[in-house]
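Biologist: Please look closely at one loop of this model and then follow the chain outward from there. I should like a connected account of what surrounds that loop and of the contacts found elsewhere in the fold.

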Amino acid sequence: MSMTNHKMFYVSWEAFHRASRELAAKLLAGRYDRILAVSRGGLVPATILARELNIRLLDTICIASYQHDQQGNLSVLKACDWQDDARLLIVDDLVDTGETAKVLKQQFPQATLATVYAKPKGKPLVDVYVTDIEQDTWIQLPWDTELSYSAPLVEQQG
């Protein structure tokens with residue numbers, strides 16, 4: 001999945017924070033006592049959810065599925081050994097193909113999986129999400145981008 005062949009969707013910090021709070025609102029009725037953040041993308045929304053839902057017990061599971069802009073094989077870099085998953089909330093930024101979600105659902109079958117964004121291939125595996133994203137769209141999240149000066153169009157003409 002190369003970024004050059006896909007649409008780009010840029011997300012600001014403000015938009016991501018707003019969407020994460022919207023996700024928290026959808027989860028208010030749940031009775032969660034722990035959050036498992038999928039590192040790295042799930043760290044920021046998990047922190048926001050922990051605040052909004054007043055959950056103090058957090059851990060991480062580290063699963064690598066991307067190398068910069070290429071999808072690769074899944075690699076569990078750090079596991080989580082929580083056994084009782086009935087009140088566990090697993091948080092990630094995005095479900096794409098669903099491969100990471102399958103691993104999580106297998107290990108924590110009773111947990112609730114929540115993501116901010118969901119693409120069609122992975123959406124059936126997510127319990128709660130906020131925004132639909134087309135499968136061929138690459139999301140540029142705020143921690144992967146930076147603001148920079150853009151010259152006026154008149155100055156860009158060659």
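Modeller: The loop in question, in what is a predicted model, is the one between strand S2 (34–39) and H2, where Arg40 has its place. The peptide bond that leads from Ser39 into Arg40 is cis, with omega near 10°. Strand S2 ends at residue 39, so the cis bond runs from the last residue of that strand into the loop.

At the other end of strand S2 is Arg34. The charged end of Arg34 sits over the ring of Trp82, at 4.9 Å from the ring centre.

Beyond the loop comes helix H2, which spans residues 43–52. Its buried residues are Pro45, Ala46, Ile48, Leu49 and Ala50. As a general point, an α-helix has 3.6 residues a turn, so residues three or four places apart point the same way. Just after H2 the backbone takes a positive phi, of about 55°, at Asn54. Such a value is noted here in a residue other than glycine. Asn54 belongs to the loop that joins H2 to strand S3 (58–67). With a relative accessibility of 58%, over the 50% cut-off, Asn54 counts as exposed.

Further along, strand S4 (residues 70–78) holds Leu74. Leu74 has a relative accessibility of 33%, and therefore counts as partly exposed. Its C-alpha atom is separated by 7.2 Å from that of Thr100, although the two residues are 26 apart along the chain. Thr100 falls within helix H3 (99–107).

The loop that precedes helix H3, running from strand S5 (88–95), contains Asp96. Asp96 is buried because its relative accessible area is 5%, under the 20% cut-off. The side chain of Asp96 makes polar contacts with two partners. One, of 3.3 Å, is to the side chain of Lys119, and the other, of 2.8 Å, is to the side chain of Gln135. Lys119 lies in the loop between S6 and strand S7 (128–132), and at 1% relative accessibility it counts as buried. The two partners of Asp96 also approach one another in space: Lys119 and Gln135 are 16 residues apart in sequence, with their C-alpha atoms 5.2 Å apart.

The aromatic side chains give a further set of contacts. Four aromatic pairs are found in a search of the whole structure. One of these is formed by Phe9 and Tyr117, whose rings are edge-to-face at 6.1 Å centre to centre, with 80° between the planes. The pair links distant parts of the chain, since Phe9 is in strand S1 (residues 7–10) and Tyr117 in strand S6 (residues 112–118), 108 residues apart. The two rings contrast in accessibility: Phe9 is partly exposed at 31%, whereas Tyr117 is buried at 3%.

Phe16 and Trp143 form another edge-to-face pair, at 5.1 Å between centres and 90° between planes. Phe16 lies in helix H1 (residues 13–27) and Trp143 in the loop between strand S8 (137–140) and helix H4 (153–156), so this pair ties together parts 127 residues apart in sequence. Here Phe16 is buried, at 1% relative accessibility, while Trp143 is partly exposed, with a relative accessible area of 28%. Phe9, Tyr117, Phe16 and Trp143 join Trp13 in one aromatic cluster. Strand S1 has a further approach to a remote part of the chain, as the C-alpha atoms of Phe9 and Thr137 are separated by 6.6 Å, although these residues are 128 apart along the chain.

Trp13 also takes part in the lining of the second largest pocket, together with Tyr10, Val11, Ser12, Gln140, Pro142, Thr145, Glu146 and Leu147. This pocket holds about 160 Å³ of space. By class, its lining comprises five nonpolar residues, three polar residues and one charged residue. Glu146 is the charged member of that lining.

Note on methods:
Residues numbered from 1 in each chain as written. Predicted model: local features only at pLDDT ≥ 70, side-chain atom pairs only at ≥ 80, totals over all residues. Heavy atoms only, no water. Helix = DSSP H or I, 4+ residues; strand = E, 2+ residues; numbered from the N terminus. Buried < 20%, exposed > 50% of the residue type's maximum accessible area, 1.4 Å probe, protein only. Polar contact = N/O pair within 3.5 Å; in protein donor to acceptor, adjacent residues only side chain to side chain. Phe/Tyr/Trp six-rings, centres within 6.5 Å; stacked < 30°, edge-to-face > 60°. Lys NZ or Arg CZ within 6 Å of the ring centre and 35° of its normal. 1 Å grid on protein atoms, 1.4 Å probe; cavity = no way out; pocket = protein on both sides within 12 Å on 5 of 7 lines; lining within 4 Å. Points joined across faces, edges and corners; volume = space filled by probe spheres on them.
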